[in-house]
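Reader: I would like to understand how the labels attached to a protein model are decided. Could we go through some of them slowly, setting each value beside its rule?

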Amino acid sequence: MADVEELKRKAGIEACKFVKSGMKVGLGTGSTVKHTVVELGRRMADEGLEIVGVPTSLATQKLALEVGIPLVELSEIDGLDIVIDGADEYDPKFQLIKGGGAALLREKIVAQESSAMVVVADDRKRVESLGAFPLPIELTPFSHEATVRSLSRLLDCRVNIRMAGDGPVITDNGNMIADAHTGPSINDPESTETEILLIAGVVQVGLFNNMCDAVVLAGMNGVETVINPNGRLNN
């Protein structure tokens, strides 16, 4: 476990190479990208890096302030230069499942406002087909049982509300999270995303399609950066 955590740290630090002074940076959420946030804070203190950040969760907001990254509201600026975030899975076309940390709505808003997206992950997240990791779906609390039933019928799989102790997980936006246990069968994630979003009660789904431009991947052989050949960093 110590080796895995050290690799995550190295990957999180390596992702910082995409960040230059003057950038507006989306700061993701998760166990790997936290190392990116800490390293960006170090570079500001030690190397004079000048950036502003937009956090994707209250936890990231707290960490960023602790390490000295100035934060701005996304609505106050005209887009972001880059977002660095984690992922629960990514496939050969660089499509992602995110939302294991229950921050998918804010993460997707920030990703959509970014000119590039870099994902930091360990190599267990690389898959041929998405879905072995249960697909997170953010729901409104109102009649959420009916929404879960509709999702179960649509996806033909078990869908359950994510729990924390005796109660449901509540997102930073006051919503709930359902996890769809599709298995590794999401071979057309764009169509799946569209169909799920048609269900009233669904706020957002943790399929991040056509957003990821590079993956900084930690494995037992070290850290590698894989660039999406169709991505915005390849131009």
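Author: Let us begin with two charged residues: Glu107 is buried, and Lys98 is buried as well. Please keep in mind that this is a predicted model.

Reader: What makes the contact of Glu107 and Lys98 a salt bridge?

Author: The side chains of Glu107 and Lys98 come to 3.2 Å, taken from N to O, and the rule asks for a side-chain nitrogen of Lys or Arg within 4 Å of a carboxyl oxygen of Asp or Glu, so the pair qualifies. In general, side chains of opposite charge can pair when their charged atoms come close.

Reader: How many salt bridges does the structure hold?

Author: The structure holds 16 of them. Among the residues involved, Glu39, Arg42, Arg43, Asp46 and Glu47 are linked in a network of salt bridges.

Reader: Why do Glu224 and Arg126 count as a salt bridge, and where in the chain do they lie?

Author: Their side chains meet at 3.7 Å, N to O, which is within 4 Å, and therefore the pair is a salt bridge. This pair links distant parts of the chain, with Glu224 in strand E15 and Arg126 in the loop between strands E6 and E7, 98 residues apart.

Reader: Why is Glu224 called partly exposed?

Author: Its relative accessibility is 38%, and because buried means under 20% and exposed means over 50%, Glu224 falls in between. Arg126, with a relative accessible area of 41%, is partly exposed by that rule too.

Reader: Are Arg232 and Asp213, which also meet in a salt bridge, buried or exposed, or something in between?

Author: The side chains of Arg232 and Asp213 meet at 2.8 Å, N to O. Asp213 has a relative accessible area of 3%, which is under 20%, so Asp213 is buried, whereas Arg232, at 36%, is partly exposed.

Reader: How do you know that Glu138 has no salt bridge?

Author: The nearest side chain of opposite charge, Arg106, is 7.4 Å away from Glu138, and since a salt bridge has to lie within 4 Å, the conclusion is that Glu138 has none, although Glu138 is buried.

Reader: Which side chain is joined to Glu138 by a polar contact?

Author: The side chain of Asn175 is joined to that of Glu138 by a polar contact of 2.9 Å, and this value satisfies the limit of 3.5 Å. Glu138 itself lies in strand E7, residues 135-139.

Reader: Why are Tyr90 and Phe94 called a tilted aromatic pair?

Author: The count by the rule comes to one aromatic pair. In that pair the centres of Tyr90 and Phe94 are 5.9 Å apart, which is within 6.5 Å, and the planes make 40°, which is neither under 30 nor over 60 degrees, so the pair counts as tilted. Both Tyr90 and Phe94 are buried.

Reader: What lies over the ring of Phe208?

Author: Lys98 lies over the face of Phe208, at 5.4 Å from the ring centre, and the charged end of Lys108 sits over that ring as well, 5.1 Å from its centre. Each distance is within the 6 Å that the rule allows.

Reader: What makes the phi of Asp156 worth a remark?

Author: Most residues other than glycine have a negative phi. Asp156 is not a glycine, yet has a positive phi of about 55°. Asp156 lies in the loop between helix H5 and strand E8, and its relative accessible area of 69% is over 50%, so Asp156 is exposed.

Definitions and conventions. Residues numbered from 1 in each chain as written. Predicted model: local features only at pLDDT ≥ 70, side-chain atom pairs only at ≥ 80, totals over all residues. Heavy atoms only, no water. Phe/Tyr/Trp six-rings, centres within 6.5 Å; stacked < 30°, edge-to-face > 60°. Buried < 20%, exposed > 50% of the residue type's maximum accessible area, 1.4 Å probe, protein only. Lys NZ or Arg CZ within 6 Å of the ring centre and 35° of its normal. Helix = DSSP H or I, 4+ residues; strand = E, 2+ residues; numbered from the N terminus. Lys, Arg positive; Asp, Glu negative; His and termini not counted. Polar contact = N/O pair within 3.5 Å; in protein donor to acceptor, adjacent residues only side chain to side chain.
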